[in-house]
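Hi there,

Here is the structure I promised to pass on to you. Please open it next to this email, and then read on for what turned up.

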Amino acid sequence: MDIKQHNVDFSSAGQLAPQDMAQLAELGFRSVINNRPDGEADGQPTWQELEVAAKQAGLSYHYLPVVPNQMTPELIQQFADLYRQVDHPTLAFCRTGNRSTQIWEASQRLTNGIPTQAQTTEDQQPQKRSQIVIVGGGAAGIATAASLLKRDRDFNITIIEPRDTHYYQPGWTFVGSGVFKPEATRRPMEQVMPSGVEWIQDAVTGFEPDKNTVQLTSGVKISYDVLVVAPGLKLDWQQVKGLEETLGENGVASNYDIKTAQKMWENTQSLIKGRAVFTQPPMPIKCAGAPQKAMYLASDYWQKHNRLGNIQVEFYNAGKVLFGVPDYVPALQHYVAQYHIDLHFSHNLVEVDGPAKKAWFANSETNERIEVAYDLLHVSPPQTAPDFIRDSSLVNAEGWVEVDQYSLRHTRFANIFSLGDVCSAPNAKTAAAVRKQAPVVAHNIHALLNNLDTTAYYDGYGSCPLIVERGKVVLAEFGYGGKLLPSAPVWLLDGKKPTRLGWLLKAKLLPSIYFDLMLRGHEWLATPLIQNQQTDLATKEKGA
Ligand code: FAD
């Protein structure tokens, strides 16, 4: 159970099962509010089944279904009335906990006399308007804005981004191995915002695609002509029991979290002997090579310090292969042998006990649960689309924003585009992919707003510089279907082999390519294939 406590009286959670009710009672809850309409998914328990279980556990139980994006003022009032009457502490749940949280927050505003989001949605015109609204000021949001302005300085663009710091996440692997200081990977958000763009420092909470509006946490509503959805993905630490509590302590760290990436470097240096365990969750994840890069760089350090004889390195991978594109596997296997790494496939991390230094894995082949003691644990967390995206009407069955994989245009809402980690295109989720996607989206928005009959196509390019030792990189570059898409001729840089040039590119050039070119709309080596609207799929694939 993934319970989020908001105050002493109120908590929220994702879907509950009947057997969870007894545990809720043990935790001290006195009532449960079910906000998830029956029948949203196969296998979902009905509200009556949950009611029986809740009552057996001594909890009072209330069913107030909230349909995604239909949070009316009446419904908020009903929730406020119900919330006043129920026994506290109470726990409300829906599919992810997001709807319950939103309706509770709205009911609190109502109780405090502040107009609710839904009231403003229903009763007032949008408080703000922008020609192009971009959700997220990460790699994808900033690069798209910059590429749009390269095409037309007069575009009126608003970026909604809650953070005041922008991160170059590909640099975090280097923070975890002592090559970069954390400062090298961050810039103040205002510094990377393209000039001419309006930045609203707030978070989007919901979408009304039929009304061309987005809603913000502040309750403000913004209307648009074109929407770009690019809020990245969610690192779902809570899926692994006990992980959040111990992350950064007890030998546990992750390069996926800048706060503990440096801890990973400290842990690597201080390990003299013992068992070092590295994990990889189910795909898709951002930078599918990052879990291995952490392992190879640590192993390289231990080998160069003559410790590898006393350190057993183990890789527990929820997937069935070392890397999804077979051409790069031989080079990786070479390093697996060199570092004497034990590979375990189909093993998904499910629980960590930090103080006891133990981890448990579910083996999807045998259905066994395996206990592993460790001295150092590097975790790559499970990853999903953010809750407010999964709860919206923009998504496919897996919860990602549903786009045509070539044009990156939404399949159902013609004025919505999506790119970066959150979109459904089956490419490798990387900043390298964003470098090629942003010009495609910018071109297609420019064409849409100017009635031009041309479409730009994305070929699925993604790149993963697989750092196999300090000073050498296997530079994987590929597109849809695993087609190899090298940027340099083989005589200069053979991506299937470990090379020093690959390392120079990754360590010296790519940060600058990111900050100084990509985020500024310079589309170096990123010109998309452009055709007229009649281009058929075969042509697209030929171009890809
Ligand atoms: P992000 O860059 O994560 O940006 C999303 C933005 O949306 C954030 O600023 C966030 O604050 C904002 N946001 C979130 N919620 C909301 C909301 N509700 N409203 C508004 N804004 C919101 N890529 C490579 O190309 N090469 C590599 O070697 C590489 N290595 C990596 C190693 C690690 C350890 C990690 C973590 C990533 C790595 N990546 C690498 C992946 C790369 O960083 C991502 O693919 C890329 O950042 C995706 O860009 P994005 O804009 O989709 O998401």
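Below are some notes on the ligand site first, and then on a few backbone details.

Please keep in mind that this is a predicted model.

**The ligand site**

Where does the ligand lie with respect to domain 2 and domain 3? Domain 2 (128-233 + 385-543) and domain 3 (237-382) both give residues to the shell around the ligand, so the ligand lies between them.

There are 35 residues around the ligand, and those that come nearest are Ala-140, Glu-161, Lys-293, Asp-421 and Ala-432. By type, the shell divides into 18 nonpolar, 10 polar and 7 charged residues.

Oxygen atoms of the ligand also have polar partners in the protein. In the side chain of Asp-421, an N or O atom is 2.8 Å from a ligand oxygen. For Lys-506, the distance from a side-chain N or O atom to an oxygen atom of the ligand is 3.0 Å. Pro-231 takes part through its backbone instead, with an N or O atom there lying 3.4 Å from a ligand oxygen.

How much of the ligand's accessible area does the protein cover? On its own the ligand has 1000 Å² of accessible area, and the protein covers 93% of that. The elements that each give two or more residues to the shell are the helices α6 (139-151), α7 (172-175), α11 (290-304) and α14 (431-449), together with the strand β26 (462-469).

**Backbone details**

Most peptide bonds are trans, and most residues other than glycine have a negative phi. Here are some places to look at with that in mind.

- His-88 and Pro-89 are joined by a cis peptide bond, with omega about 0°. Pro-89 sits in the loop between α3 (73-85) and β5 (90-93).
- Another cis peptide bond runs from Met-283 to Pro-284, again with omega near 0°. Pro-284 belongs to the loop between β16 (274-280) and α11, and α11 is one of the elements giving residues to the ligand shell.
- Ser-346 is not a glycine, yet has a positive phi, near 60°. You will find Ser-346 in the loop between β18 (342-344) and β19 (347-353).
- Asn-367, also not a glycine, has a positive phi of about 65°. Asn-367 is in the loop between β20 (358-363) and β21 (369-373).

Are Ser-346 and Asn-367 buried or exposed? Ser-346 has a relative accessible area of 4%, which means that Ser-346 is buried. Asn-367, at 71%, is exposed.

Happy browsing, and best wishes!

Key
Residues numbered from 1 in each chain as written. Predicted model: local features only at pLDDT ≥ 70, side-chain atom pairs only at ≥ 80, totals over all residues. Heavy atoms only, no water. Near = heavy atom within 4 Å. Polar contact = N/O pair within 3.5 Å; in protein donor to acceptor, adjacent residues only side chain to side chain. Areas by Shrake-Rupley, 256 points an atom, 1.4 Å probe, with all protein chains shown as cover. Helix = DSSP H or I, 4+ residues; strand = E, 2+ residues; numbered from the N terminus. Nonpolar A, V, L, I, M, F, W, Y, C, P; charged D, E, K, R; others polar. Domains from an automatic or database assignment. Buried < 20%, exposed > 50% of the residue type's maximum accessible area, 1.4 Å probe, protein only.
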